[in-house]
Amino acid sequence: MRSPEPLIFEISKPGRRAYSLPELDVPARDVAELLPESEIRREPAGLPEVSEIDLVRHFTRLSQLNHGVDIGFYPLGSCTMKYNPKVNEDAANLPGFNNIHPYVPDELAQGALQLMYELQSYLAEIAGMDYVSLQPAAGAHGELAGILIIRAYHRARNDMKRTKILIPDSAHGTNPASAALGGFTVVEVPSDERGGVDVEALEAAMDETVAGLMLTNPNTLGLFDENIQRIEKIVHSKGGLLYYDGANANAILGTSRPGDMGFDVLHFNLHKTFGTPHGGGGPGSGPVAVKSFLEPFLPVPTVVLEDGKYRLSYDRPQTIGRMKSFYGNFLVMVKAYAYIRSLGPDGLREASRDAVLNANYILRRIAGYYDVPYDRHCKHEFVISPGKIKKETGVRTLDISKRLLDYGVHPPTNYFPLIVDEALMIEPTETESKETLDYFADALIAIAKEAYEDPEAVKSAPHTTVVGRLDEAGAARNLNIRWEKPE
Ligand SMILES: *Cc1c(COP(=O)(O)O)cnc(C)c1O
C-alpha cells in the first residue's frame, strides 16, 4: 500500500523544525543594522514548518515523480539518454576542478588546461578533424559557431555571394535555426525514398551562392547516408563547405569519422555522446572541430601547449570571437574526459556498436506490429509509425507514448522527424540489458494489440502516473509553482 503523500505545506505545524543549530556565539546584531529598510520583510515568509524526516520524505518523493534514466528505460530518440557512469560525476567533483576560479592565472591552472588540451586532441582524433574549440555550451551553440566559421571563411576569401545554407528536410530544427541566426537563407533539400539526401535535388540546389550543407550522418531517421561520398563531391566542387551535426555521434565512435567522410566543420554534443547526463536544461557542451584550413576562425580562447606549459591562446586575428564567457562549461569537459579515458578507443567503439545492435534488435522485434517507413538496417536509432494502427483504430503516436508511461518507460521522441507521419523515434542506447530491450519491445507489441482490443484504454492513458494528460504548452508557458491554501 502506498503511504499518504501530503503536501509539505499541509503537514506544517508551528514551531516544528528540520534543523538544530548551536547557540549563537558571536554578538547578535539586529538585521535592521545590516540591511536597508526596503530589504526587510514585514511578515514571515510563511514557509512550511516540518521535522527533518518529513522534509527528507518530501524531497525524496518529489525526486521520484519524474522519470529519469536512473529510474527506468528512456529511449528518447536523438537525445542519447544513456546511463552515464557516476565516476564521471566524481571526477567533476574533485576540488581542484570544481573550485577553480576562472580568473586563476594559467600557471596555477596547469591541470585543468592539460585536461582541456587533451580533450581537444581526443575529440579531434575521434572526429578525424585537426583542431577543436571547447567553448560552445550546447549542440545548437556549436552549430552557430560552425556556421559563423563557414561565414568567416567565405568572407576572408572575399566570396560574398554565398548567402545560402542547404539543409535536408530530415534535419533537427536547430540546424535551420542556427543557419538563419548566422545570417543565411535556408534552402531545404528533400530526402529520397531510402531516407538519405536526394542527390539529384542536392545537385540542382548546389551552386556558387551556397555557403555549405549541414548534415547529420546517420541522420535523424537513424540511417547512414549511402551517398555521402557523392554528396561531398557535389558540395565541394562548387566551393561549399560541409557541416556535420555530431549529435548522432553515438552511432559512429571508432567506426567512421566525419573528417574522413569529407566534412570540414562539426560539433559534438558532450551531453549526449560523452558521458554527461542530458536534459533538464543543461549544462551541456558543444565543442566545435575543424579541418586545419578553418583553424584561423575558431572561437577564442583555445588551449595550446608551448615549451611544456599549457596556456590559453587568444592569438587568432581572424577568429569569429568568443562564443561564451570564459572557457565553456568546464565540468562537462571533465566528465567527457573521464568517460573517454575510462572507455578508451576500444570501449568507445564497443559502445557505438552495442548502441547500433540494440536499435536493430528492437526494430526487428517490433517490425511486424508497426509501420517501418524506411526498412533498412538502422544505426543507433530508428523511426516507426503507427500509421496502419491509426487508420484502423484511431490510436495515435501520442496515445502510444502515454500508454508506455504505464509500463514505466519514458516515451520515444514523438512527431519527429517531420518527414514521417506520426513518427515514433526510438534510441535504446548501448547501456541497456537484453531484458530491458525485450521488456520494451514486449510493451510496444502489447500496446499495438491493445489498440485493437481496447482502443479507449490506450487513448485515455496514462492510468498509473501522478498526473494524467496535461495541457503541455500551458504547463510550460503558464507554469504555476505556488501552493495556495484551499478555500
Ligand atoms: C540534440 C540535437 C541537436 C541540438 O543539441 P542541443 O545540445 O540540444 O542544443 C542538434 N542536432 C541533433 C540531431 C540533435 O539530436
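How are α12 and α15 oriented to each other, roughly parallel or roughly perpendicular? I will open with that point, and I should say at once that the model before you is a predicted one.

Helix α12 covers residues 330–366, and helix α15 covers residues 434–453. Their axes come within 10 Å, and the crossing angle is roughly 30°. Angles under 35 degrees count as roughly parallel, and α12 and α15 are therefore roughly parallel to each other. As for handedness, the crossing of these two helices, α12 and α15, is right-handed.

Let me turn to the ligand. Which residues surround the ligand? Going along the sequence, they are Ser-78, then Ala-138, Gly-139, Ala-140 and Glu-143, followed by His-172 and Thr-174, then Asp-245 and Ala-247, and finally Asn-269, His-271 and Lys-272. By residue class, this shell divides into three nonpolar, six polar and three charged residues.

Three polar contacts deserve individual mention. The backbone of Ala-140 places an N or O atom 2.8 Å from an oxygen atom of the ligand. In the case of Lys-272, an N or O atom in the side chain is 2.7 Å from a ligand oxygen. Asp-245, by contrast, addresses a nitrogen atom of the ligand, with a polar side-chain atom at 2.5 Å. How much of the ligand's surface does the protein bury? The ligand taken alone exposes 380 Å², and the protein buries 88% of that.

In terms of secondary structure, two elements give two or more residues to the shell around the ligand, namely α6, residues 139–156, and α11, residues 270–273. The element that gives the most is α6, with three residues.

I will finish with the backbone, where three places call for comment. Val-300 and Pro-301 are joined by a cis peptide bond, with omega at about -5°. Pro-301 sits in the loop between β7, residues 288–290, and β8, residues 302–306. A cis peptide bond also joins Ala-461 and Pro-462, where omega is about 5°. The loop that holds Pro-462 runs between α16, residues 455–459, and α17, residues 472–477.

The third place is Phe-326, a residue other than glycine whose phi is positive, near 55°. Where is Phe-326 found? Phe-326 belongs to the loop between β9, residues 309–313, and α12. That brings us back to α12, the helix that lies roughly parallel to α15.

Technical notes: Residues are numbered from 1 along each chain as its sequence is written. This is a predicted model: local features need pLDDT of at least 70, side-chain atom pairs count only at pLDDT 80 or more; totals for chains, interfaces and linings use all residues. Side-chain values use heavy atoms; hydrogens and water are left out. A residue is near a molecule or strand if one of its heavy atoms lies within 4 Å of it. A polar contact is a pair of N or O atoms within 3.5 Å; within protein, one must be able to donate a hydrogen and the other to accept it, and residues adjacent in sequence count only if both atoms are side-chain atoms. Accessible areas come from the Shrake-Rupley method with a 1.4 Å probe; for residues, only the protein chains shown count as cover. Helices (H or I, at least four residues) and strands (E, at least two) are DSSP runs, numbered from the N terminus. Ala, Val, Leu, Ile, Met, Phe, Trp, Tyr, Cys and Pro count as nonpolar, Asp, Glu, Lys and Arg as charged, and the others, Gly among them, as polar. Axes are lines fitted to C-alpha atoms, for helices over the stretch in contact, and angles run from 0 to 180 degrees between N-to-C directions. Angles under 35 degrees count as roughly parallel, over 145 as roughly antiparallel, 65 to 115 as roughly perpendicular and the rest as oblique. A crossing is left-handed if the near helix is turned anticlockwise from the far one by less than a right angle, and right-handed if clockwise.
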